Amino acid sequence: MEIDKAIRECDDRRLQTKYNNATYIIQRALALYSIEEVAFSFNGGKDSTVLLHLLRAGYFLHKRGQNGANGDLRDFPIRTIYFESPCAFPEINSFTYDTAATYGLQLDIIRLDFKSGLEALLKDKPIKAIFLGVRIGDPTAVGQEQFSPSSPGWPAFMRVNPILDWSYRDVWAFLLNCKVKYCSLYDQGYTSIGSIYDTVPNALLSISNSSNKYKPAYLLADGRLERAGRVRKISSTSGNYPTDSNGLISLDLHKSSMLTASVIAVGDEILFGTIEDQLGPSLLRKLHSIGWSVSELSVVHNNIDSVAEEVERRKSTNDLVFIYGGVGPLHSDVTLAGVAKAFSVRLAPDEEFEEYLGNIIGYQCTGDRNEMAQLPEGITELLHHDKLPVPLIKCQNVIVLNATNDSELEKQWDCLIELAKSIDLLPLLEPYVSKHVTTNLSDVEIAQPLSKLGLEFPDIFIGCYRKSRNGSLIISFKGKDQARVEAAVNALCKKFRAGAFMETD
């Protein structure tokens with residue numbers, strides 16, 4: 001069959017793997033249910049067009065496996081459901097009927113709403129399973145697996161999702177490699193098609209110097225933005241943020257002179273004392289150098305619940321949360337799963353991240369088998385930089401670092417600072433100004449005056465420490481205003497005899 005032959009002969013190993021997995025799911029469903037008990041929901045869009053041809057190939061492979069024949073299997077006996085809507089694009093309707101005629105589809109046309117139409121159809125037909133072109137990232141995909149029973153309150157049937165883990169790139173790789181027809185709207189800049197009332201061409205495909213011309217959908221560079229052509233109305237009172245803000249409000253630096261971060265280290269080895277955490281203190285210094293305050297540095301076990309609980313606590317009380325350790329494919333690498341749980345989302349394959357991993361470790365692990373390519377669904381943004389082999393991961397206001405030593409952290413931090421200059425990622429504030437003085441006064445002598453000084457200068461962080469029990473007391477003053485820091489130091493000196501304090505670096 002031409003579909004199976006086209007995929008076998010192409011040099012896209014990733015696509016071949018996706019195809020093999022999808023056709024396996026189809027053959028599995030055809031083994032579980034008779035041909036009269038299955039149906040296919042077709043809407044004329046790119047995803048259902050892919051599914052149509054996968055079903056043709058899967059049915060061919062299924063029949064060949066049953067009787068070992070390689071005969072001409074032109075008939076497509078799987079019942080096809082089409083919900084015809086007055087709000088659909090004329091091009092979608094035309095493409096659907098042309099496709100039905102070309103491939104001999106048995107169309108059941110339903111003009112009711114989806115749920116009512118489905119109830120009527122299932123009462124009349126012995127349908128037990130329906131093939132759907134749902135992909136991760138679709139609004140209806142949350143919580144679904146390749147085989148998922150219908151939701152409560154709906155007619156009972158099995159949802160079969162052969163392309164659940166396919167990306168935008170996979171869809172277009174399949175359509176172009178197999179040279180099959182698709183709806184003409186996709187060549188006019190539409191990347192995700194809904195109704196005539198909520199769909200426009202994707203502005204990211206607009207041709208410069210042309211007011212009404214767009215590149216075809218398969219040229220969209222970032223598949224995560226395929227729904228950018230869906231018209232969205234955002235209420236100013238709803239509390240919802242635009243998708244591209246990813247849940248983090250743009251920060252007005254004129255109104256925010258103080259931003260706080262929390263740092264979380266994930267690692268049993270740190271808690272057992274096997275290794276010393278060097279990244280935490282280094283990250284604290286870097287944050288202070290750009291004017292950020294750090295509320296807490298915590299260390300948690302390599303345990304999904306421990307990570308989730310700590311992230312849940314910190315993300316709501318800090319502007320940013322940095323987390324490191326526990327990132328990778330090992331059993332102890334639970335950080336991303338913990339972050340996902342903290343935001344009540346699932347882990348799902350990320351096409352772009354998998355591409356990066358493929359360039360580094362090869363494509364021997366693809367799709368849902370590559371644990372490192374599973375990212376928190378719907379909240380993840382990849383932070384790209386030419387100097388980073390793999391982008392950093394940002395989940396709303398949580399940034400996941402994959403550094404394992406100081407030099408790697410230095411490189412990732414420098415990239416974050418460069419990115420901060422172009423996007424509202426890590427606002428660069430007025431840096432802290434600090435002064436240190438030493439004294440040989442006893443703790444008893446200096447305790448009360450320092451307490452009063454803290455009340456006089458609430459905007460200055462005043463700390464005390466010794467490098468050894470019998471060494472001099474070192475007092476540090478940190479704040480955003482140089483004059484205020486110096487005023488606090490002078491105020492302390494005036495409380496004691498001259499020469500009681502010596503300024504030090």
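## A buried asparagine, an open sheet and some salt bridges

In this predicted model, Asn202 is found in the loop between helix H6 (168-178) and strand S7. Is the residue Asn202 buried or exposed? With a relative accessible area of 1%, Asn202 counts as buried, because the limit for that class is under 20%. The side chain of Asn202 takes part in a polar contact of 3.1 Å with the side chain of Thr191, and a polar atom of the Asn202 side chain also lies 3.0 Å from the backbone nitrogen of Leu204. Leaving aside residues up to four places away in sequence, the residues that Asn202 touches include Gly189, Tyr214, Leu220 and Glu226.

### The sheet and its helices

Strand S7, which follows that loop, is part of an open sheet of six strands, arranged in the order S8-S7-S9-S14-S13-S12 with mixed pairing. Which strands stand at the edges of this sheet? They are strand S8 (293-300) and strand S12 (380-383), and because each has a single partner strand, one side of each is left without a neighbour in the sheet. From one strand to the next, the twist averages 20 degrees.

Within the sheet, strand S13 (residues 392-395) and strand S14 (residues 398-401) run antiparallel and are joined by three bridges; in this pair, Lys394 stands opposite Ile399 in S14. Helix H8 (residues 279-289) packs on the sheet, where it touches strand S7 (260-266), S8, strand S9 (320-324) and S14, and the direction of H8 makes about 165 degrees with that of S8. Another helix, H12 (residues 406-420), lies across S9, S12, S13 and S14 and runs at about 145 degrees to S14.

### Pairs of charged side chains

Side chains of opposite charge can pair when their charged atoms come close. In this model the count comes to 27 salt bridges, and the table below lists some of them with their N to O distances.

| Salt bridge | Distance, N to O |
|---|---|
| Glu9 and Lys5 | 2.9 Å |
| Lys128 and Glu37 | 3.2 Å |
| Glu312 and Lys315 | 3.7 Å |

Glu9 and Lys5 both lie in helix H1 (residues 2-9), where they are four residues apart, about one turn of the helix. Glu9 counts as exposed, because its relative accessibility of 57% is over the 50% limit for that class.

How many residues apart are Lys128 and Glu37? They are 91 residues apart, and the pair links distant parts of the chain: Lys128 is in the loop between helix H5 (114-124) and strand S4 (129-131), while Glu37 is in the loop between helix H2 (13-32) and strand S1 (38-41). Lys128 has a relative accessibility of 46% and so counts as partly exposed, whereas Glu37, at 18%, counts as buried.

The salt bridge of Glu312 and Lys315 lies within helix H9 (residues 304-315), and because these two residues are three residues apart there, they are separated by about one helical turn. Glu312 counts as partly exposed at 36% relative accessibility, while Lys315 is buried, with a relative accessible area of 19%.

Salt bridges can also be followed beyond a single pair, for Asp12, Arg14, Arg169 and Asp170 are linked in a network of them.

Technical notes: Residues numbered from 1 in each chain as written. Predicted model: local features only at pLDDT ≥ 70, side-chain atom pairs only at ≥ 80, totals over all residues. Heavy atoms only, no water. Pairing = 2+ DSSP bridges. Axes fitted to C-alpha atoms, helices over the stretch in contact; angles between N-to-C directions. Contact = heavy atoms within 4.5 Å. Salt bridge = Lys/Arg side-chain N within 4 Å of Asp/Glu carboxyl O. Buried < 20%, exposed > 50% of the residue type's maximum accessible area, 1.4 Å probe, protein only. Polar contact = N/O pair within 3.5 Å; in protein donor to acceptor, adjacent residues only side chain to side chain.
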